Amino acid sequence: MTTHEEPADSVLETIGRTPLVRLQDGPADVPIYAKLETFNPGASIKDRIGRYMLERMLERGDVPPGGTIIEPTAGNTGIGLAIAAEQLGLESIFVVPERFSVEKQQLMAALGAEVINTPTDDGMDGAIARAHELAAELDDAAVPQQFSNPLNTEAHYETTAPEIFEALDGRVGAVVAGCGTAGTLMGIARYALEQNPETHIVAVEPEGSVYGELLGEDRAEDEYKTEGIGTHDTATNELFEPELVDAVDAVSDRDAHAELKRLAREEGHLVASSAGAASVASKRVAERIDDGDLEVPHETVVTVFPDSSERYLSKGIYRSFEEWTS
Ligand SMILES: Cc1ncc(COP(=O)(O)O)c(C=O)c1O
């Protein structure tokens, strides 16, 4: 999002500087602020890493000018990378497990990318392996690899976090965000803990995900509908730094779904399931601060709404819980 005061030369300049909006639900004395990443041109937080990673990779010669990027993605990163690749003169190929939303796949293709599907049963690991295979077949190809690329975390340390602290004049007590690659939370957490080591950091995952095991918590692995966050295999998630995190909160699909519908109906936020989960976990943290059960440097909670519900309409995201498909 840019200011309307001066014209931008490229869509890339419209990435970031997204609004931070107070949520209307939760304890009156502990405000919860949500960063609305749907205001990015690709309508998700992944536009930030798309631009940041490709600009750094070109600078460093990790990909040659006019080269090809190949990435395993659930979709949002593909959209963010496709927007940046086209503007930076790169070709893009995305490897997507079949189960992920058709809207995302259609948008990647509309942005000029080639989309290759892998079997749902092979999971994200299957897509990661296929992406590397394809890259090995091409001379000028590179895999940005969001799951292990420190540039992912860096993008949020350099952009998302400073924007939040600027908007709140540094008055951030707790940071609560969903973890897919964990780049968002690790980038914001690293910045926040530099400002104040007492800042409370909470990672959010769906029930059935096993991120909590990285903090020594028991987890019962299971399928979940919530999209974009969680993991079935922590070996995939190299960016997650347990030492930066105070707790991992697991939110049920049912609670996340009810909350995303409430956010639309009561607050006008058209956001998806990972935002619903983040909002539920944020209210739990705000309640604990309000009850005096949790000491924080400032009585405020910040969270992130990563993407829009519009790309899940074909999955029945606003229908009943039973009709909502993963
Ligand atoms: C919808 C959605 N929410 C949340 C996330 C998590 O962001 P991160 O990968 O930075 O942890 C993602 C990541 O793909 C996503 O697509």
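Helices, as runs of at least four residues, and strands, as runs of at least two, are assigned by DSSP and numbered from the N terminus. In these terms, Arg 17 lies in the segment before strand 1. The model described here is a predicted one.

## Overall architecture

The chain contains eight helices and ten strands. Its radius of gyration is 19 Å, close to the 20 Å that the globule rule gives for 326 residues, so the chain is as compact as a globular protein of that length. Along its principal axes, the C-alpha trace spans about 60 × 45 × 35 Å.

Of the 326 residues in the chain, 58% are buried. Among contacts with a separation of 6 or more, 71% are made by residues 24 or more positions apart. The exposed area of the chain is about 13200 Å², and carbon and sulfur atoms supply 46% of that area. The chain carries 25 positive and 61 negative charges, and the mean positions of the two sets are 5 Å apart.

## Three helices

Helices 1, 4 and 8 are set out in the table with their lengths and end-to-end spans.

| Helix | Residues | Number of residues | Span between end C-alpha atoms | Expected span |
|---|---|---|---|---|
| Helix 1 | 46-60 | 15 residues | 21 Å | 21 Å |
| Helix 4 | 123-137 | 15 residues | 22 Å | 21 Å |
| Helix 8 | 273-290 | 18 residues | 26 Å | 26 Å |

In helix 1, eleven of the 15 residues are buried, so this helix is largely enclosed by the rest of the structure. The buried residues of helix 1 include the charged residues Lys 46, Asp 47, Arg 48, Glu 55 and Arg 56. Also buried in helix 1 are Ile 49, Gly 50, Tyr 52, Met 53, Leu 54 and Met 57. The cover over these buried residues includes two helices, helix 2 (76-87) and helix 5 (150-167), together with strand 2 (32-36), strand 3 (68-72) and strand 6 (141-142). After helix 1 comes Gly 61, with a positive phi near 75°.

In helix 4, the buried residues are Met 124, Gly 126, Ala 127, Ile 128, Ala 131, Leu 134 and Ala 135. An α-helix has 3.6 residues a turn, so residues three or four places apart point the same way. The cover over the buried residues of helix 4 includes strand 3 and strand 6, and these two strands are also among the elements that cover helix 1. Strand 4 (91-97) and strand 5 (114-118) are further parts of the cover over helix 4.

Helix 8 is mostly covered, with 14 of its 18 residues buried. One residue of helix 8 is Ser 274. At 4% relative accessibility, Ser 274 counts as buried, because the cut-off for burial is under 20%. Leaving out residues up to four places away in sequence, Ser 274 touches Thr 226, Glu 227, Ile 229, Pro 306 and Asp 307. Helix 8 is followed by Gly 292, whose phi is positive, near 75°.

## Residues outside the helices

Two residues that are not glycines have a positive phi: Arg 17, at about 50°, and Ala 43, at about 60°. Arg 17 is partly exposed, with a relative accessible area of 48%. Ala 43 lies in the loop between strand 2 and helix 1 and is buried, with a relative accessible area of 16%.

Glu 5, like Arg 17, belongs to the segment before strand 1. At 58% relative accessibility, Glu 5 counts as exposed. Glu 5 and Gly 67 are 62 residues apart in sequence, and their C-alpha atoms are 35 Å apart in space.

Asp 233 is placed in the loop between strand 8 (200-206) and strand 9 (247-251). With a relative accessibility of 32%, Asp 233 counts as partly exposed. Apart from its neighbours within four places in sequence, Asp 233 is in contact with Asp 125 and Val 210. Tyr 211 is 22 residues from Asp 233 in sequence, and the C-alpha atoms of the two are 8.2 Å apart.

Note on methods:
Residues numbered from 1 in each chain as written. Predicted model: local features only at pLDDT ≥ 70, side-chain atom pairs only at ≥ 80, totals over all residues. Heavy atoms only, no water. Rg over C-alpha atoms; globule rule 2.2 N^0.38 Å. Buried < 20%, exposed > 50% of the residue type's maximum accessible area, 1.4 Å probe, protein only. Contact = heavy atoms within 4.5 Å. Areas by Shrake-Rupley, 256 points an atom, 1.4 Å probe, with all protein chains shown as cover. Charge placed at Lys NZ, Arg CZ, Asp CG, Glu CD. Expected span 1.5 Å × (residues − 1).
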